[in-house]
Amino acid sequence: MHLPRLFKCLSSFLFCSVSISAQAYTVSTNSSHIPVYTTNGSQSDTQAAINAAANGDVIQLPAGSLTWSAGVTINHGVTIEGRGVSSTTLTNPGTSFSLFDVSCNHVQTHITGIAFKGQYAIKVGGSYTTHKFRISNCTFDCGTAQGILLQFLDNAPGLVDHCTFSAGNASEMIHNMGVGPDNTAGWTNDVNPGSASAVYIENCTFNKNPAVDQYFWGTAAIQSYYGARTVMRYCKLNYCHIDQHGNVPPLYGARWWEFYNNTFYVPPNGNQSDYFALRGGSGVVFNNHVSGGPNTGSGQIQLYSDETTNPPLCGPGGGIFVNGGRSFSPVYIWGNDPSMTAGSTSSNVIQGRDYLVSSTQPTSMIKRQLTTDNASTKYSYKPYVYPHPLDDGSTSVFGPQ
């Protein structure tokens, strides 16, 4: 039986009395007999409920428009649940904190059913071997401001699904920060293509705001750095692109990515110079599509380097670091719409060496992503199971319809 935490304090009646008088949340159980902490929607009451809850419990925010002047910290596996994006709105009025700062291992944290306004809605950090998270059926909107909406740290694996993002020119709506600057760990540990060890973004919609503009201004749905691992699939990108950062010493760029079955929309006579800006790391890009237009820009899959070395230390086409240096692990590109031509604007990123383009998936692909791989290691790429296992198949009305 799940007992209120006040029973832990019976030895100090005075302390407990103060705690109870300040407490606004109530505790009940849902149909699955899981404790539900229903808060008054304030930052302080939500933090108190999180602190009192155990792994697997639910923290529920009320309907209404809420604004917090500080964030909350989540360090164990709870579900934060709003009453739906049409009912619960949570605003961050500043840029100095995240509304939810999630840091927990071994157990799943889930945030769902909230319409976020402003920047820095959620920050998630945790070990790439133990951490799990899910963010589902939420909306994120910072208007026409240039903004960052979600941040991921330490290569924690998890899922963002059935969410909608809107932000202004030159925004980087999602930041996948890998293991952080000045840290090569994201380049020395193993990556298994098609595995769960990545940030997965699927069935989401990304909007540049305003959508009707002379140019897309490099607006990014996601930007990845510092050994990050990212998978984006089955998403719609309205007048924005996917950007994977390269290496500008002493920084280290994105390590591994898989981008497939996404659709890029360009408004009539809009100008979008690229759908992908791949500046670091390696991975696969396949079965992506374009709608709308006509696009007056080049609309390319661009591979280029921010480095001057040839070949560039962190790619494109860079694999696991071996003895302090890069190994070759080419980018493979196939089956995308014919208008999505692949090309390089850097003389040190070379087709046939650093990236390979084909109409169908090659049957044998070079891979240098594991410490046990060598120059002769080949693999046949297979996508991770879809939908992601963290997606419980809910038909929740919280999400975009």
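**Exercise 1. The surroundings of S224**

Task: In this predicted model, find which side chain is joined to that of S224 by a polar contact, and decide whether S224 is buried or exposed.

Solution.
1. The side chains of S224 and T230 are joined by a polar contact of 3.0 Å.
2. S224 belongs to strand β20, which covers residues 220-224.
3. The relative accessible area of S224 is 0%. Buried means under 20%, so S224 counts as buried.
4. Leaving aside residues up to four places away in sequence, S224 touches N176, T230, D243, Q244, H245 and A254. T230 thus appears both in the polar contact and in this set of neighbours.

**Exercise 2. The sheet of nine strands**

Task: Give the strand order of the open nine-stranded sheet, state which strands stand at its edges, and trace the residues that face each other across β16, β19 and β22.

Solution.
1. The order is β4-β7-β10-β13-β16-β19-β22-β25-β28, and the pairing is parallel.
2. The edges are formed by β4 (64-67) and β28 (289-292); each has a single partner strand, so one side of each lacks a neighbour in the sheet.
3. On average, neighbouring strands of this sheet are turned by 15° against each other, direction ignored.
4. β16 (residues 164-167) is joined to β19 (residues 205-208) by four bridges. Here S166 lies opposite N207 of β19.
5. β19 pairs in turn with β22 (residues 236-238) over three bridges, again in the parallel sense. N207 is opposite N238 of β22.
6. At the β28 edge, β25 (residues 263-266) pairs with β28 over four parallel bridges, and F264 stands opposite V290.

**Exercise 3. The sheet of ten strands**

Task: Give the order and the edge strands of the open ten-stranded sheet, then name the bridge partner of L150.

Solution.
1. The strands run β5-β8-β11-β14-β17-β20-β23-β26-β29-β31 with parallel pairing.
2. β5 and β31 (342-344) are the edge strands, each pairing on one side only.
3. From one strand to the next the twist averages 15°.
4. Within this sheet, β14 (residues 150-153) and β17 (residues 172-176) pair over three bridges, in the parallel sense. The partner of L150 in β17 is I174.

**Exercise 4. F165 and the nonpolar cores**

Task: Place F165 in the largest nonpolar core and list what F165 touches.

Solution.
1. The largest nonpolar core has 69 residues; F100, F116, I122, F140, F165 and F206 touch the most other members.
2. Residues up to four places away in sequence aside, F165 touches F140, L149, L150, V160, M173, I174, C204, T205, F206 and N207. L150 and I174 are the bridge partners from Exercise 3.
3. A separate second core holds 15 residues, among them L159, W256, Y332 and Y381.

**Exercise 5. Backbone exceptions**

Task: Locate two cis peptide bonds and two non-glycine residues with positive phi.

Solution.
1. Most residues other than glycine have a negative phi, and most peptide bonds are trans.
2. The bond joining N209 and P210 is cis, with omega about 5°; P210 sits in the loop between β19 and β20.
3. The bond from G293 to P294 is also cis, with omega near 10°; P294 is in the loop between β28 and β29 (300-303).
4. N155 has a positive phi of about 60° and lies in the loop between β14 and β15 (158-161). With a relative accessible area of 5%, N155 is buried.
5. N287 has a phi near 55° and lies in the loop between β27 (282-286) and β28. Its relative accessible area is 27%, so N287 is partly exposed.

How values were computed
Residues numbered from 1 in each chain as written. Predicted model: local features only at pLDDT ≥ 70, side-chain atom pairs only at ≥ 80, totals over all residues. Heavy atoms only, no water. Core = buried A, V, L, I, M, F, W, Y, C linked by side-chain atoms within 4.5 Å. Buried < 20%, exposed > 50% of the residue type's maximum accessible area, 1.4 Å probe, protein only. Contact = heavy atoms within 4.5 Å. Pairing = 2+ DSSP bridges. Helix = DSSP H or I, 4+ residues; strand = E, 2+ residues; numbered from the N terminus. Axes fitted to C-alpha atoms, helices over the stretch in contact; angles between N-to-C directions. Polar contact = N/O pair within 3.5 Å; in protein donor to acceptor, adjacent residues only side chain to side chain.
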